[in-house]
Amino acid sequence: IVLISIGPIIVFATMVLTCCIVRRKRKQRQEREEKEAFLRVEGESYDRYRHSMFAIVRTAVDDGAKGVLILGMKSAIHEKPARWKLLQEDLYKAHLKKKAPFVDFGERLIDFSNIQFQQVTKEALSETLAHETAGRTFAIVAMCLEADTGYVEHDVRHHNKIKKDTQGTAKRILPFFHKAKQQRSKLAGLQVEMPKNTGVRAHTWFSFYRDTVLDIIMTCIDEGATGLTIFGIQPHIGGENTYLEWPALEEDVTHAYNHRLYPFDSTAVPDPTFKRVKPEDLRTRIKAETRRGAFVIIASCSDHHAPYAKQIIREFNASSGQCGKAMRAWATANDMYQTKGEQAAEQDHGHGHHSNQPSNQGPTATVPEEESFVVKEQPDGRSKCVEDRIALGEDGEVDKDTWNVLHDANEEDSDPDAFRI
């Protein structure tokens, strides 16, 4: 009698569970198809966007950020949800792989638990920046529609102008809109116009590197730079590509400035100045060039000198006071060159340029054992990392299957093409 009475309940529960599993798998398949479709159309632009995004996160860490809040405009996420999810997954994968912006030359810069994600409306952006940057949390607007770039620019710059010392800075990154694509393709055209530098421009990594420098220049403009000096640290003997990248970068940025291309297209800014510096003179030169609110970008540096330059930047920013800031935009073999196109870039970039070979800087610090941090959606709409939970799927959370893919891709014997990064 008992079996007869509970039989329908078991059947009903089984049907409900089966329906849930089918719906979940259907949703996972739909999300995979959305990502594949997105990458087929915007794969290359997304790779560049991600590379610059990671570099901007690193500028926040160099400026003393206690945490980083990554904001996505709801309208943009609704239009391209795959970009928002890929960005979160890729940041988590960079954490697992001990790559920039989380680990830099053996040093843990920031943990994934200090990265938060939040969706915001255009109308609420200004208030969100004011409230959420307390305690030196830096905010980065990572996604917005082309039509909303003016609003984002205004709110980011207004926040940076009026913020208190206890608040973090606001930053932004522009996805590759059609206008930006056209402008950057003109820069690529310099390969034909200036054949003497075709060699270094032919490397895959160079265009990633140049676009990142342009995005860091925009970051300086957004933070109110009254002047802009771009440094290249004199490389040691053997840094062939570090020698070659400098004149090519100077020509490309100058070309962008003279023709009012991105990031100089809509803003009156001082003429960027390029200077080579010796490593031992870096500290004093940064102090000299950041008076009265001017900014310095170190855009060229070999891996041999990078740990020293990074330390100088962070020490200066911690005590700069009324001076401007120092930022870094150099490329490194530890950057996220892990897609099929970027793997070739890593091979190009890792030999004779920013080599992974040990330098004379002494032993590298040991990185602590990885912690299992994942993302959980909070009641206020924010995603926050907590231990031993599965994350990043629906509405910013990842399901267990996706996490397993991320985890498996981090194993030494995993297929390098099993995941995007």
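Select D148 first: in this predicted model, D148 is buried, with a relative accessible area of 9%. The cut-off for that label is under 20% relative accessible area. D148 sits in the loop between β5 (137-143) and α5 (149-162).

Next, add K122 to the selection and display both side chains. D148 and K122 meet in a salt bridge, at 3.8 Å from N to O. K122 belongs to the loop between β4 (115-120) and α4 (125-132), and the pair links distant parts of the chain, 26 residues apart. Unlike its buried partner, K122 is partly exposed, with a relative accessible area of 28%.

Side chains of opposite charge can pair when their charged atoms come close. How many salt bridges does the structure hold? The count is 19, and the next stops visit others among them.

Move now to R172 and E153. These residues form a salt bridge in which the closest N and O atoms are 3.3 Å apart. R172 lies in strand β6 (residues 170-172) and E153 in helix α5, so the pair ties together parts that are 19 residues apart in sequence. Is R172 buried or exposed? R172 is buried, its relative accessible area being 5%, whereas E153 is partly exposed at 23%.

Keep R172 and E153 displayed and extend the selection to R157 and D222. Together, E153, R157, R172 and D222 are linked in a network of salt bridges.

The following stop is the pair R314 and E107. Their side chains meet in a salt bridge, at 3.1 Å from N to O. Which elements does this pair connect? R314 is located in helix α12 (residues 306-318) and E107 in strand β3 (residues 107-108), so the contact ties together parts that are 207 residues apart in sequence. Colouring by accessibility shows R314 as partly exposed, with a relative accessible area of 22%. E107 also counts as partly exposed, at 29% relative accessibility.

For the last stop, select K25, which is placed in helix α1 (residues 2-62). K25 is partly exposed, with a relative accessible area of 48%. Then add R23, R24, R26, R29 and R32: with K25, these residues form a positive surface patch. Residues qualify for such a patch only with over 30% relative accessible area and no salt bridge, so the 48% of K25 satisfies the area requirement.

Key:
Residues numbered from 1 in each chain as written. Predicted model: local features only at pLDDT ≥ 70, side-chain atom pairs only at ≥ 80, totals over all residues. Heavy atoms only, no water. Patch = residues over 30% accessible without salt bridge, like charges linked within 9 Å, V, L, I, M, F, W, Y side chains within 5 Å. Areas by Shrake-Rupley, 256 points an atom, 1.4 Å probe, with all protein chains shown as cover. Salt bridge = Lys/Arg side-chain N within 4 Å of Asp/Glu carboxyl O. Lys, Arg positive; Asp, Glu negative; His and termini not counted. Charge placed at Lys NZ, Arg CZ, Asp CG, Glu CD. Helix = DSSP H or I, 4+ residues; strand = E, 2+ residues; numbered from the N terminus. Buried < 20%, exposed > 50% of the residue type's maximum accessible area, 1.4 Å probe, protein only.
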